[in-house]
Amino acid sequence: MRIGELSRRAGVNAHQLRYYEAQGLLEADRGTNGYREYDESALLRVKQIRHLLGAGLSSEDIAYLLPCADGETPELTGCPELVAAMRSRLRRIDDQMDRLARSREALTDYIDAAERSSDENYPPFTGVDLEPVAS
């Protein structure tokens, strides 16, 4: 099947399929006309990739895990290093959540302090949106 059909059947944009291919997550043959040609197994592979991305895994993580993937959801079996790799990713997510919780607590403290010391003579805030601070 060509990229357009795979895109339609998988519910994924064609540019995402090209990205998966560039990341080594998906393989396509080239027809004599140069068009990408995917076999039927590509549909399952795309669904597996989408589920793993939904779990917060990076394309690098997924490239490592895909040989262990079985089924659409997928179930991950058969790779000895699999649990260690997923635990490592989980630790990174936990660290990010801890940083966000600390940032949230600090911001809440600033808001509370500002509301307690509010001065009625101060000019009204003009509504400038604050951008998130990179950590």
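Two residues are said to be in contact, or to touch, when heavy atoms of theirs lie within 4.5 Å of each other. Keep that meaning in mind while you move through this model, which is a predicted one.

**The whole chain**

Begin with the entire protein chain in a cartoon view, where you can look for five helices and four strands. If you follow the chain from its N terminus, the elements come in the order α-α-β-β-α-α-β-β-α. Of its 135 residues, 21% count as buried. Among the contacts with a separation of 6 or more, 44% are accounted for by residues 24 or more positions apart.

**Helix 1 and helix 2**

Next, select residues 3-10, which form helix 1, and add residues 14-22, which form helix 2. The axes of these two helices come within 9 Å and cross at roughly 105 degrees. Angles from 65 to 115 degrees count as roughly perpendicular, and helix 1 and helix 2 are therefore described as roughly perpendicular to each other. To see where they meet, show the side chains of Ile3, Leu6 and Ser7 on helix 1, together with Ala14, Leu17 and Arg18 on helix 2. Sorted by class, the residues of this contact are four nonpolar, one polar and one charged.

**A stop at Ser7**

Stay with helix 1 and zoom in on Ser7, which has its place in that helix. Is Ser7 buried or exposed? Its relative accessible area is 15%, and because buried means under 20%, Ser7 counts as buried. Now display the backbone of Val12 as well, since the side chain of Ser7 reaches the backbone oxygen of Val12 at 2.4 Å. Leaving aside residues up to four places away in sequence, Ser7 touches Val12, Asn13, Ala14 and Leu17.

**Helix 1 and helix 3**

Keep helix 1 selected, hide helix 2, and bring in residues 41-54, which make up helix 3. Here the two helices pack at an angle of about 50 degrees, with their axes 10 Å apart, and they are therefore oblique to each other. The crossing of helix 1 and helix 3 is right-handed. On the side of helix 1 the contact is made by Leu6, Arg9 and Ala10, and on the side of helix 3 by Ala42, Leu43 and Val46. By class, this contact has five nonpolar residues, no polar ones and one charged residue.

**Arg36 in strand 2**

Then move to strand 2, residues 36-37, and select Arg36, which is found there. Arg36 counts as buried, with a relative accessibility of 19%. Which residue shares a side-chain polar contact with Arg36? Show Glu21, and you can trace a polar contact of 2.7 Å that joins the two side chains. Not counting residues up to four places away in sequence, Arg36 touches Met1, Arg2, Ile3, Arg18, Glu21, Ala28, Asp29 and Arg30. Two of these names belong to an earlier stop, for Ile3 and Arg18 also take part in the contact between helix 1 and helix 2.

**Ala63 in helix 4**

Finally, go to residues 59-65, which form helix 4, and pick out Ala63 within that helix. The relative accessible area of Ala63 is 33%, so Ala63 is partly exposed. Add Tyr20 to the selection and draw a line between the C-alpha atoms of the two residues: although Ala63 and Tyr20 are 43 residues apart along the chain, these atoms are separated by 9.6 Å.

Methods
Residues numbered from 1 in each chain as written. Predicted model: local features only at pLDDT ≥ 70, side-chain atom pairs only at ≥ 80, totals over all residues. Heavy atoms only, no water. Axes fitted to C-alpha atoms, helices over the stretch in contact; angles between N-to-C directions. Parallel < 35°, antiparallel > 145°, perpendicular 65-115°, else oblique. Left-handed = near helix turned anticlockwise from the far one by under 90°. Nonpolar A, V, L, I, M, F, W, Y, C, P; charged D, E, K, R; others polar. Buried < 20%, exposed > 50% of the residue type's maximum accessible area, 1.4 Å probe, protein only. Polar contact = N/O pair within 3.5 Å; in protein donor to acceptor, adjacent residues only side chain to side chain.
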